[in-house]
Amino acid sequence: MVEKENDKKNKTNKEVIDVLKWFSDAGVSDISVDINTVQRAAKQSINTLAELKEAMRKVEISIKDCALNMVFGVGNEHADILLLGEAPGAEEDRQGIPFVGQSGQLLDKILAAVGLDRTKVYITNILPWRPPGNRTPTLQEITLFRPYVIKHISLVNPKIVVCLGGTATKALLQTTQTMTQLRGRWSRIEEISAVILPTFHPAYLLRSPSQKREAWLDFLTVKNKASAA
């Protein structure tokens, strides 16, 4: 029993060390986030999505004060495919649902183009609250929520995680590589059983419509892999 507890403690410590190493590799030396909070998040006994949502709601972070709603997740809670975005936008903040603005409408069209829809996938974000002014999540915010993201994925237990955009990809894979290097390449991490495929964020596709075909091919690959698994 003691041996099991030590193994669990060592695993938690490794997770925190990995996060700190990621910060160091990214060139960040002054980390203002409370690392004890990260440790507590990694240790929490959470067995359902409802418990996870409540735990995340209690996280003390300043962006909560600027947001209207917590945006947790939506879709099939037993889906083979989980889509991981960056953070809620203005419309998502108003409705409390991920990907319901312009980006979400484009995402729905991409899903439909490969024979999928929101009843067949699960959608969530790295951050559950909209950052002020729609800014990119900070490294401190990402490291605070990454243990919750890992737990979120584990509870849904998909076969495939599709990272939408560079922020979600770098946060989950803990890498500093660019989307050009990562897009369309399958990856794995130790913390989850699912395979991971980075692709473009729908917001990027709205700005760069010439890349829509590449995103469609990525989703087609995902659909085929999920069907074959």
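**Entry 1: L172 and its neighbours**

I started with L172 in this predicted model. Which residues does L172 contact, once neighbours within four places in sequence are left aside? I found L84, R146, V149, I150, I153, V161, C163, I189 and I196. L172 belongs to helix 7, where L172 is buried.

I then looked at the rest of helix 7 and found it mostly covered, with six of its eight residues buried. Those residues are T167, A168, T169, A171, L172 and L173. Just after helix 7 comes Q174, and I noted its positive phi, near 50°.

**Entry 2: the core around L172**

Next I asked which residues have the most contacts inside the largest nonpolar core. My list reads L84, I126, F145, V161, L172, I192 and I196, in a core of 38 residues. Each of these elements supplies at least two residues of this core: helix 3 (49–57), strand 2 (81–85), helix 6 (139–156), strand 4 (160–164) and helix 7 (166–173). Helix 6 gives the largest share, eight residues. I also wrote down a second, separate core of 23 residues, which includes L111, V121, V195 and L197.

A general reminder to myself: in soluble globular proteins, nonpolar side chains tend to be buried together.

**Entry 3: helix 6 against helix 7**

I followed helix 6 to where it meets helix 7. Their axes come within 10 Å and cross at roughly 80°. That angle makes helix 6 roughly perpendicular to helix 7, because angles of 65 to 115 degrees count as such. On the helix 6 side I listed I142, R146, V149, I150 and I153, and these meet T167, A171 and L172 in helix 7.

I was curious about R146, which sits in helix 6. Is R146 buried or exposed? R146 counts as buried, because its relative accessibility is 7% and the cut-off for buried is under 20%. Not counting neighbours within four places in sequence, R146 is in contact with A171, L172, Q174, I189 and E191. I also checked R146 against I126: the two are 20 residues apart in sequence, and their C-alpha atoms are 7.0 Å apart in space.

**Entry 4: helix 6 against helix 3**

Helix 6 has another partner to look up, helix 3. The axes of helix 3 and helix 6 come within 10 Å and cross at roughly 170°. The two helices are therefore roughly antiparallel. Helix 3 passes helix 6 in a left-handed crossing. From helix 3, the contact uses L49, L52, A55 and M56; from helix 6, it uses F145, Y148, K151, H152, L155 and V156.

Past helix 6, I stopped at N157, in the loop between helix 6 and strand 4. N157 is not a glycine, yet its phi is positive, about 60°.

**Entry 5: T124 in strand 3**

I moved to T124, found in strand 3 (residues 121–125). T124 is buried, with a relative accessible area of 3%. What does T124 touch, apart from residues up to four places away in sequence? I noted F72, G73, L82, L83, L84, G85 and H152. Two of these names were familiar to me: L84 is listed in the largest nonpolar core, and H152 takes part in the contact between helix 3 and helix 6.

**Entry 6: helix 5 and helix 10**

At what angle do helix 5 (residues 102–113) and helix 10 (residues 212–228) pack? The angle is about 55°, and their axes are 9 Å apart. Helix 5 and helix 10 are therefore oblique to each other, and their crossing is right-handed. L106, L107, I110, L111 and A113 of helix 5 make this contact with K212, W216 and F219 of helix 10. I had met L111 already, in the second core.

Before helix 5, in the loop that comes after helix 4 (90–95), I found F99. F99 has a positive phi of about 55°, although F99 is not a glycine. F99 counts as buried, at 5% relative accessibility.

**Entry 7: the whole chain**

Last, I stepped back. How many helices and strands does the protein have? There are ten helices and five strands. Of the 229 residues in the protein, 44% are buried. The protein exposes about 11500 Å², and carbon and sulfur atoms supply 48% of that area. For contacts between residues at least 6 apart in sequence, I wrote down that 73% join residues at least 24 apart.

Notes. Residues are numbered from 1 along each chain as its sequence is written. This is a predicted model: local features need pLDDT of at least 70, side-chain atom pairs count only at pLDDT 80 or more; totals for chains, interfaces and linings use all residues. Side-chain values use heavy atoms; hydrogens and water are left out. Helices (H or I, at least four residues) and strands (E, at least two) are DSSP runs, numbered from the N terminus. Buried means under 20% relative accessible area, exposed over 50%, partly exposed in between (1.4 Å probe, protein chains only). Contact means heavy atoms within 4.5 Å. Accessible areas come from the Shrake-Rupley method with a 1.4 Å probe; for residues, only the protein chains shown count as cover. A nonpolar core is a set of buried Ala, Val, Leu, Ile, Met, Phe, Trp, Tyr and Cys residues joined through side-chain atoms within 4.5 Å. Axes are lines fitted to C-alpha atoms, for helices over the stretch in contact, and angles run from 0 to 180 degrees between N-to-C directions. Angles under 35 degrees count as roughly parallel, over 145 as roughly antiparallel, 65 to 115 as roughly perpendicular and the rest as oblique. A crossing is left-handed if the near helix is turned anticlockwise from the far one by less than a right angle, and right-handed if clockwise.
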